[in-house]
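Please open the model in your viewer and keep the sequence panel at hand, since the tour moves from one selection to the next.

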Amino acid sequence: MRHLLPTRLSALLALALGLTLGPARADGPRDEFFWLGEINKATAVINTEQGLLDRRLTPLITAGLRQVLRDGQQPGAKRPASVITFEPLLIQAAGPEITWLHAGRSSQDMHATFRAAILRDEMLRLADQLNATRRTLIDLADQHRATIVPNYTNGVAAQPNSYGHTLLGHAAGLERDAQRLREAYARIDRSPMGSTVLNGSSWPLDRARMADYLGFAALVENAYDAGQISSVDEPVEAAAVATSLALHTGQFIEDVMTQYAQARPWILLEEGGANTYVSSAMPQKRNPGLLNATRRDASSVLAQAHGVVLQAHNIPPGMSDAKEVKPNTSLLRDTGAVLKRWQQILQALRVNRERALDELNSDWTASQELADVLMRRFQLPFRVGHHFASEVVEYARAKDIRPLDFPYQEAQRIYAETVQGSTHPAQLPLSEAEFRATLDPVAIVNNRATVGGPQPAEMTRMLARARQSVAEQETWVRARREHVQRALARLDQDFDRLADSAAGSAPPAK
């Protein structure tokens, strides 16, 4: 190194090029250019302090890097997104000697590192919106804890339920998505830096300190795994999170859309704005534009996510097909946009409680309760009670009789025929008042005793737990973000100290 750049010449060159200016702060986006800058700053600090870089080069290296980073913050400036386009700017600023920074490095590990760092940021951005959507969903569930509505299975009205309980079911799906996101983040939040191409380097690089400076929680330990296997897994895992979120969004939308096919829906979007739009031909129509657009966008996210998987399919290790920053960033941002639209849907929903209850009372969604009550209170086998209830429903539908209007005498007759020839009580053991109460949707919901049911006490418990879950996720996001910020601030401080010390020790120009 001595024959390339004597000490005095190093300092004079740095001063002559005007490279001993003050600190260059990375105020721009945390893009590829940003992270290449951070990697280079960390390399300068670590390798200088550990003797892998000659300190006589420090003024040249630190000042040249400062210049490139400062130039990249100017309006309209180039912000190269690869090592082979970033390095020429370093050489232009300080000459080829600055490429001593590249000792023991490769575009393979540097690109794997900035891809992981950018994906890590995007996962936290997505987590923010997921938290906001979950909180809105839980707030709406709280508002409708006592709103009794029909639920549907196999596309058919099934049982009465609290709408708040239904919404908490959707919130539980999003809670699992939050868990998936945290787990995927932990595997993304590992530094490949220092693995070089695929088997490390003869230079004894301090990979752990590099990871710490860049805010990573751990290393991708195996150098082959770092750039060849793990760096493909990471976007695939992110795509899996996006897939689950899109699926849950679609399920919710389709549940709401069931109402829009009815002449008298009990749940609609508030009219106007971006929520609905009118038909050009049919005056009565108010099309649910927000629902349709959100479903479309959720389907687009699914297509993008499957694209990541297909790109990672049947390729040799290390190929870049599924790794590119732009499509993976777009996927996660588009997923966040879908969650934002879902949040807007929740804010625009209008539930007609009276209409929902009327629909329940116009059909026999409470009929299973007859079988349950007869079994629980009178030890009638469930299948016998189920057969009785089924016969009641068949008779009522044939005669167009609503549940609350069903003649008690007919119920007694059907029961007697059902149990005829058996050892069960020959007379219906429910009084008329008990029979009618058993078919009351509100009573059914309030009398549920199962853990996780819609009864008031369980709703209170589950709402509190759901809010706690969101709060814990918000704390987790904040802690991850602060960890990265502290690490980068420490890197800035140490790099500035190194650069300022080098500039101060350089002899004056003659």
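What follows is a walk through two sites of this predicted model.

Begin by selecting residues 382-399, which form helix 14, together with residues 408-419, which form helix 15. With both helices displayed, look along the place where their axes come within 9 Å of each other and cross at roughly 135 degrees. Helix 14 is therefore oblique to helix 15, since an angle has to be over 145 degrees to count as roughly antiparallel. The crossing of this pair, helix 14 with helix 15, is right-handed.

Next, show the side chains where the two helices meet: on helix 14, select Val384, His387, Phe388, Glu391, Val392 and Tyr395, and on helix 15, select Glu410, Ala411, Arg413, Ile414, Tyr415, Thr418 and Val419. Coloured by class, this contact between helix 14 and helix 15 displays eight nonpolar, two polar and three charged residues.

Now move to Asp212, which you will find in helix 7, residues 207-213. Is Asp212 buried or exposed? With a relative accessibility of 35%, Asp212 falls into the partly exposed class, which takes in values between 20% and 50%.

Add Ala487 and Arg490 to the selection, as Asp212 touches both of them, leaving aside residues up to four places away in sequence. Between the side chains of Asp212 and Arg490 you can draw a polar contact of 2.8 Å.

As a last stop, select Ala322 alongside Asp212: the two are 110 residues apart in sequence, and their C-alpha atoms lie 26 Å apart in space.

Key
Residues are numbered from 1 along each chain as its sequence is written. This is a predicted model: local features need pLDDT of at least 70, side-chain atom pairs count only at pLDDT 80 or more; totals for chains, interfaces and linings use all residues. Side-chain values use heavy atoms; hydrogens and water are left out. Axes are lines fitted to C-alpha atoms, for helices over the stretch in contact, and angles run from 0 to 180 degrees between N-to-C directions. Helices (H or I, at least four residues) and strands (E, at least two) are DSSP runs, numbered from the N terminus. Angles under 35 degrees count as roughly parallel, over 145 as roughly antiparallel, 65 to 115 as roughly perpendicular and the rest as oblique. A crossing is left-handed if the near helix is turned anticlockwise from the far one by less than a right angle, and right-handed if clockwise. Contact means heavy atoms within 4.5 Å. Ala, Val, Leu, Ile, Met, Phe, Trp, Tyr, Cys and Pro count as nonpolar, Asp, Glu, Lys and Arg as charged, and the others, Gly among them, as polar. Buried means under 20% relative accessible area, exposed over 50%, partly exposed in between (1.4 Å probe, protein chains only). A polar contact is a pair of N or O atoms within 3.5 Å; within protein, one must be able to donate a hydrogen and the other to accept it, and residues adjacent in sequence count only if both atoms are side-chain atoms.
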